[in-house]
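Open the model in your viewer and keep the sequence panel beside it. Each stop below gives a selection and then what is found there.

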Amino acid sequence: MNIKKSSVAMAYASILAVVFIWGVIPAFKKALIGGHYSAAVYTAMTTLAGALALLVLSIGRLKNLNATYFKIAIPTGLCVAAASLVQAIAYNFDASPTKQAFLENLSCIVVPLLMLLLVKKKPSILTVAAALTCLASSFILGDMLSQGFSLSAADILNALAGVFYGVNIAFTGIYAKKLDAKLYVMIQLFVQAISSA
């Protein structure tokens with residue numbers, strides 16, 4: 001019983017940590033981009049660091065790499081690269097980190113749509129409710145209702161990033177289920193670093 005309670009507590013603590021990290025990253029990104037680094041340099045540095053870290057962690061698994069990894073990870077890596085770059089560029093237009101975070105979550109709408117179109121997987125009622133809540137929060141918390149549904153350049157770029165992130169998530173869910181996650185993400189990160197550079 002104690003093991004189960006500690007596992008549940010650890011799961012909740014992990015979720016809170018992820019929410020905290022996702023919440024503060026946009027503020028740090030905004031501080032770094034523009035004043036110190038261009039969007040491309042920032043994205044190249046961070047993704048290269050991540051790719052190299054995964055390379056070290058996966059050194060014993062590199063023998064498992066085959067053409068399937070590259071066939072899936074390169075196109076999805078390009079989607080993530082495009083999402084990261086347009087999102088980082090949006091900071092040059094004085095994008096609000098709050099708006100950015102919610103517009104990025106338009107991926108919650110893209111993923112079920114792509115799953116329906118590509119593999120005929122109908123979204124559950126809960127998925128539809130979550131997607132609609134995400135869409136509503138993008139408008140409400142992004143102050144778009146008070147602006148008469150006007151979109152700034154930053155809003156458009158962040159929404160586009162959400163679409164690219166959604167394409168990556170859907171294609172990864174469909175085609176990369178059997179792939180080693182560390183190797184798959186490592187290739188994606190190298191693709192991002194090269195694209196940004």
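In which helix is the place of leucine 113? Select leucine 113: its place is in helix H5. This is a predicted model, so every stop here is a reading of a prediction.

**Stop 1: leucine 113 and helix H5**

Stay on leucine 113. The residue is partly exposed, because its relative accessible area is 49% and the exposed class begins over 50%. Now add glycine 166 and draw a C-alpha to C-alpha distance. Leucine 113 and glycine 166 are 9.5 Å apart in space, yet 53 residues apart in sequence.

Widen the selection to residues 107-119, which is helix H5. Does the helix have the span expected from its 13 residues, or a span that disagrees? What should its 13 residues span at 1.5 Å a residue? The expected figure is 18 Å, and the end C-alpha atoms of H5 are 17 Å apart, which agrees.Color the buried positions of H5 next. They are Ser107, Val110, Val111, Pro112, Leu114 and Met115. Then step just past the helix to lysine 120. Lysine 120 takes a positive phi of about 55°.

**Stop 2: the whole chain**

Zoom out and switch to cartoon. The protein chain has eight helices and zero strands. Followed along the sequence, the pattern reads α-α-α-α-α-α-α-α.

Show the surface. The accessible surface of the protein chain comes to about 11500 Å². Carbon and sulfur atoms account for 74% of that area. Of the 197 residues, 35% are buried. Turn on contacts between residues at least 6 apart in sequence: 85% of these join residues at least 24 apart.

Now color by pLDDT. The average for the protein chain is 80, and 79% of the residues score at least 70. Which element has the lowest mean pLDDT, and which the highest? Helix H4 (residues 97-104) has the lowest, at 68. Helix H8 (residues 181-196) has the highest, at 94.

**Stop 3: the salt bridge**

Select arginine 61 and aspartate 180. Their side chains meet in a salt bridge, at 2.8 Å from N to O. Arginine 61 lies in the loop between helix H2 (39-57) and H3, and aspartate 180 in the loop between helix H7 (153-175) and H8, so the pair ties together parts that are 119 residues apart in sequence. The salt bridge count comes to one.

Check the cover on each partner. Arginine 61 is partly exposed, with a relative accessible area of 31%. Aspartate 180 counts as buried, because its relative accessibility is 18% and the buried class lies under 20%.

**Stop 4: serine 84**

Move to helix H3 (residues 67-90) and pick serine 84, which lies in it. Is serine 84 buried or exposed? Serine 84 counts as buried, at 10% relative accessibility. Show what surrounds serine 84. Leaving aside residues up to four places away in sequence, serine 84 touches Thr43, Tyr165 and Gln192.

**Stop 5: a nonpolar surface patch**

Finish on the surface. Select Val8, Tyr12, Ile15 and Val19. These residues form a nonpolar patch with about 410 Å² of accessible area together. Click on valine 19, whose place is in helix H1 (residues 2-32). Valine 19 counts as exposed, because its relative accessibility is 52% and exposed means over 50%.

Notes
Residues are numbered from 1 along each chain as its sequence is written. Side-chain values use heavy atoms; hydrogens and water are left out. Patches are made of residues with over 30% relative accessible area and no salt bridge: like charges are joined within 9 Å, nonpolar side chains (Val, Leu, Ile, Met, Phe, Trp, Tyr) within 5 Å. Accessible areas come from the Shrake-Rupley method with a 1.4 Å probe; for residues, only the protein chains shown count as cover. A salt bridge is a side-chain nitrogen of Lys or Arg within 4 Å of a carboxyl oxygen of Asp or Glu. Helices (H or I, at least four residues) and strands (E, at least two) are DSSP runs, numbered from the N terminus. Buried means under 20% relative accessible area, exposed over 50%, partly exposed in between (1.4 Å probe, protein chains only). Contact means heavy atoms within 4.5 Å. The expected span of a helix is 1.5 Å times one less than its number of residues. pLDDT is the predictor's confidence in each residue, from 0 to 100.
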